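Please read the following account alongside the sequence and the coordinates.

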Amino acid sequence: MGRRILIFDTTLRDGEQVPGCKLNTSEKIELALALEELGVDIIEAGFPISSPGDFESVSEISKIIKRATVCGLSRAVEKDIEAAGEALKHAARGRIHTGIGTSDSHIKSKFKSNREDILERAIQAVKWARKYTDDVEFYAEDAGRTDNEYLARVVEAVIKAGATTVNIPDTTGYCLPTQYGEKIAYLMNHVPNVDKAVLSCHCHNDLGLATANSIYGAIHGAGQIECTVNGLGERAGNTSLEEVVMVMRQHGHLGLDTGIRAEQLNPISQLVSETMRMPVQPNKAIVGANAFSHSSGIHQDGFLKDSQTYEIIRPEEVGAAHSKIVLTARSGRSALAYRFKNLGFDFNRNEIDELYTRFLNLADALKEVQDTDLHQLAHNLNN
Ligand code: KIV
Ligand code: ZN
């Protein structure tokens, strides 16, 4: 067993912010139950002040979810925090997630303010939130572009004010993995009271680095990763839950563990995709339709001799149906023979040679050769 990394799922909040992905309360409840079953530690259920519908969703989810912590987002504004506290009042474990932008760009452009004022507002927000719950998470928005020295002062102050988790978001997906890892290491080494809270990674995928950044953050001492199923989220998305979980499982030497039931990763990916009406890209790691498909002759031949030649994860481990041998004009004889065998045909070497020539002509004309085409080829061979 390695160090346990908490999985904070924000599919229902950051994921749901994606245009077209909006959910109603019953859809949110269905997904919250599936996320709890998956084994996530914290479910960010919504942003209660944002709309009456979202308030209701957070409130209803709080009544139903018993094992996972239910979290509601707020800005560092008293009425937001009050709404989050009210929405979470029935939760067995409720967390308020409050925060404010800490980068110079946020401080100057968004708040027209200065570092000292933002520090005071951060402290005040945590104090307000602590009136409702002992479980308060503070986010330093745009921490990825925040000066480390100032960020360390903010983190120390909010922990002193009562924050039990401090989120270090790379809101714009700007950081390199080494930079993000060093930021977490800097905070671990320069915040005197850091042992009183959990540092959390919340990374966006604007440069395709969200998973790598979150893993680097965890390696350097963060205890929580914020992520979404299928990597849904603002713009290019958030850290993908299935990816960080499988990176930790595949690389046991990192000494990091989660409580996620990996065999539910594909079923929940499909459920989220259908409920949020957002297709999963076919080449998506772990849960894409092609994640366990082999189509080139060289790969197919190697895979059929030993699946590990071209697969580092067994599909059953992540709840995917099975590996697929797809037939295209790039496929080889062994793949063709394998597919015929699966259909109940047992052709000898000469027959396969003849069928392969006919198959290539067909495959050049089609994108993919299907079982019905194979039946036709077999039928014509004997007639
Ligand atoms: O990306 C971000 O900074 C956020 C915060 C609200 C946590 O989503
Ligand atoms: Zn975010």
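The paragraphs below go from the overall layout to the core, the metal site, the helix packing and some single residues.

This is a predicted model. The protein chain contains 14 helices and twelve strands. Its C-alpha trace spans about 85 × 40 × 40 Å along the principal axes. Of the 383 residues in the chain, 55% are buried. If contacts are restricted to residues at least 6 apart in sequence, 73% of them join residues at least 24 apart.

The domain assignment divides the protein chain into domain 1 (3–275) and domain 2 (293–380). The centres of domain 1 and domain 2, taken over C-alpha atoms, are separated by 44 Å. In the contact between the domains, eight residues come from domain 1 and seven residues from domain 2.

The interior can be followed through its nonpolar cores. The largest nonpolar core has 88 residues, and the members that touch the most others are Phe-138, Val-155, Val-166, Ile-168, Ile-225 and Leu-265. Helix H6 (residues 148–161) supplies the largest share of this core, with nine residues. Both domain 1 (3–275) and domain 2 (293–380) give residues to the core, so it lies between them. Apart from these residues there is a second, separate core of 18 residues, which includes Ile-352, Leu-355, Phe-359 and Ala-363.

Val-166 shows what the surroundings of one such core member look like. With neighbours within four places in sequence left aside, Val-166 is in contact with Phe-138, Val-155, Val-158, Ile-159, Ala-197, Val-198, Leu-199 and Ser-200. Of these partners, Phe-138 and Val-155 are also listed among the core members that touch the most others.

Next comes the metal site. The zinc ion (ligand 2) is coordinated at 2.1 Å by Asp-14 through OD and by His-202 and His-204, each through NE2. Along the chain, the donors of this zinc ion have the spacing D-x187-H-x1-H. Distant parts of the chain are linked here: Asp-14 sits in the loop between strand S2 (6–9) and helix H1 (25–38), while His-202 belongs to strand S8 (residues 198–203), 188 residues apart. Both Asp-14 and His-202 are buried.

Thr-10 is also found in the loop between S2 and H1. Is Thr-10 buried or exposed? Thr-10 has a relative accessible area of 0%, so it counts as buried. Not counting residues up to four places away in sequence, Thr-10 touches Gly-15, Glu-44, His-202, Cys-227, Thr-228 and Asn-238. One of these contacts, His-202, is a donor to the zinc ion (ligand 2).

Helix packing can be traced from helix H2 (residues 52–64) and helix H3 (residues 78–87), whose axes come within 8 Å and cross at roughly 35 degrees. On the H2 side the contact is made by Phe-55, Val-58, Ser-59 and Ser-62, and on the H3 side by Ala-83, Glu-86 and Ala-87. By class, these are four nonpolar, two polar and one charged residues. The buried residues of H3 are Asp-80, Ile-81, Ala-83, Ala-84, Gly-85 and Ala-87. Besides H2, the buried residues of H3 pack against strand S4 (69–75), strand S5 (94–101) and helix H5 (115–130).

Helix H11 (residues 297–305) can be read in a similar way, with Gly-297, Gln-300, Gly-302 and Phe-303 buried. Those buried residues pack against strand S11 (293–294), strand S12 (324–325) and helix H12 (333–342).

Two loop residues have backbone angles to note. Most residues other than glycine have a negative phi. Lys-112, which is not a glycine, has a positive phi near 45 degrees. Lys-112 lies in the loop between helix H4 (104–110) and H5. Because its relative accessibility is 68%, Lys-112 counts as exposed. Asn-230 is not a glycine either, and its phi is positive at about 65 degrees. The loop that holds Asn-230 runs between strand S9 (224–227) and helix H9 (241–250). Asn-230 is buried, with a relative accessible area of 13%.

The last residue to look at is Thr-372, in helix H14 (residues 371–381). Thr-372 is exposed, because its relative accessible area is 60%. Asp-353 is 19 residues away from Thr-372 along the chain, and the C-alpha atoms of the two are separated by 20 Å.

Conventions
Residues numbered from 1 in each chain as written. Chains lettered and ligands numbered in written order. Predicted model: local features only at pLDDT ≥ 70, side-chain atom pairs only at ≥ 80, totals over all residues. Heavy atoms only, no water. Donors = N, O, S within 2.8 Å, 3.2 Å for Na, K, Ca; no water. Helix = DSSP H or I, 4+ residues; strand = E, 2+ residues; numbered from the N terminus. Buried < 20%, exposed > 50% of the residue type's maximum accessible area, 1.4 Å probe, protein only. Axes fitted to C-alpha atoms, helices over the stretch in contact; angles between N-to-C directions. Contact = heavy atoms within 4.5 Å. Nonpolar A, V, L, I, M, F, W, Y, C, P; charged D, E, K, R; others polar. Core = buried A, V, L, I, M, F, W, Y, C linked by side-chain atoms within 4.5 Å. Domains from an automatic or database assignment.
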